[in-house]
Amino acid sequence: MSDFSNHLALFAAVLLTVGSHVLLKIGSTSTKGYLNMTTMTAVMMFSLVTVLIVYSLQAIMLKTVIAMSALTFVLVPIASWIFLREELTKQGILASIIIVLGIIIYLSGG
């Protein structure tokens, strides 16, 4: 059960990282200045990510944690497309596919 909770924490850390990046973008464009509730929420989320990563490292190899963290390079552009209406380019989609394939190849190597 412990191993499952460590993997769940890692998955949550990846998703929280994505969410915090989106919130940082939203907060940075606020008319109230960049130190606002949205930006502070994102910073708190980053702090929680640190705790989750440390917890994950108790049972998961560092190389796996780092490889899974690379998913943020795939998920942030998707989240920015959904929530911020930013453009997804063909190059970006291709790069995301390459990243996912790279993670699969890297993690299947043992």
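How many residues does helix H4 have, and how far does this helix reach from its first C-alpha to its last? In this predicted model, helix H4 covers residues 72-83, which gives 12 residues, and spans 15 Å between its first and last C-alpha atoms. That reach is close to the 16 Å expected at 1.5 Å a residue. The buried residues of H4 are Thr72, Val74, Ala79 and Ser80. Confidence is also worth a look here: among the elements of the chain, H4 has the highest mean pLDDT, at 97, while helix H3 (residues 62-69) has the lowest, at 94.

Stepping past the end of H4, the reader meets Arg85, which lies in the loop between H4 and helix H5 (90-108). Just after H4, this arginine takes a positive phi of about 60°, although Arg85 is not a glycine. Is Arg85 buried or exposed? Its relative accessibility is 69%, so Arg85 counts as exposed, the cut-off for that label being over 50%.

With this stretch in view, the chain as a whole is easier to place. Its secondary structure comes to 5 helices and 0 strands, and the pattern along the sequence reads α-α-α-α-α. The C-alpha atoms fill a box of roughly 50 × 35 × 15 Å, taken along the principal axes. The chain has 110 residues, and buried residues make up 25% of them. Contacts often link distant parts of the sequence: among those between residues at least 6 apart, 71% join residues at least 24 apart. The average pLDDT of the chain is 94, and 97% of the residues score at least 70.

The outside of the model deserves its own visit. The accessible surface of the chain comes to about 7,300 Å², and carbon and sulfur atoms account for 75% of that area. Which residues form a nonpolar patch on the surface? The patch consists of Tyr34, Leu35, Met37, Met40, Val43 and Met44, which together have about 690 Å² of accessible area. One of these residues, Met44, has its place in helix H2 (residues 37-57). Met44 has a relative accessible area of 53% and is therefore exposed, again by the cut-off of over 50%.

How values were computed:
Residues numbered from 1 in each chain as written. Predicted model: local features only at pLDDT ≥ 70, side-chain atom pairs only at ≥ 80, totals over all residues. Heavy atoms only, no water. Helix = DSSP H or I, 4+ residues; strand = E, 2+ residues; numbered from the N terminus. Expected span 1.5 Å × (residues − 1). Buried < 20%, exposed > 50% of the residue type's maximum accessible area, 1.4 Å probe, protein only. pLDDT = per-residue confidence, 0-100. Contact = heavy atoms within 4.5 Å. Areas by Shrake-Rupley, 256 points an atom, 1.4 Å probe, with all protein chains shown as cover. Patch = residues over 30% accessible without salt bridge, like charges linked within 9 Å, V, L, I, M, F, W, Y side chains within 5 Å. Salt bridge = Lys/Arg side-chain N within 4 Å of Asp/Glu carboxyl O.
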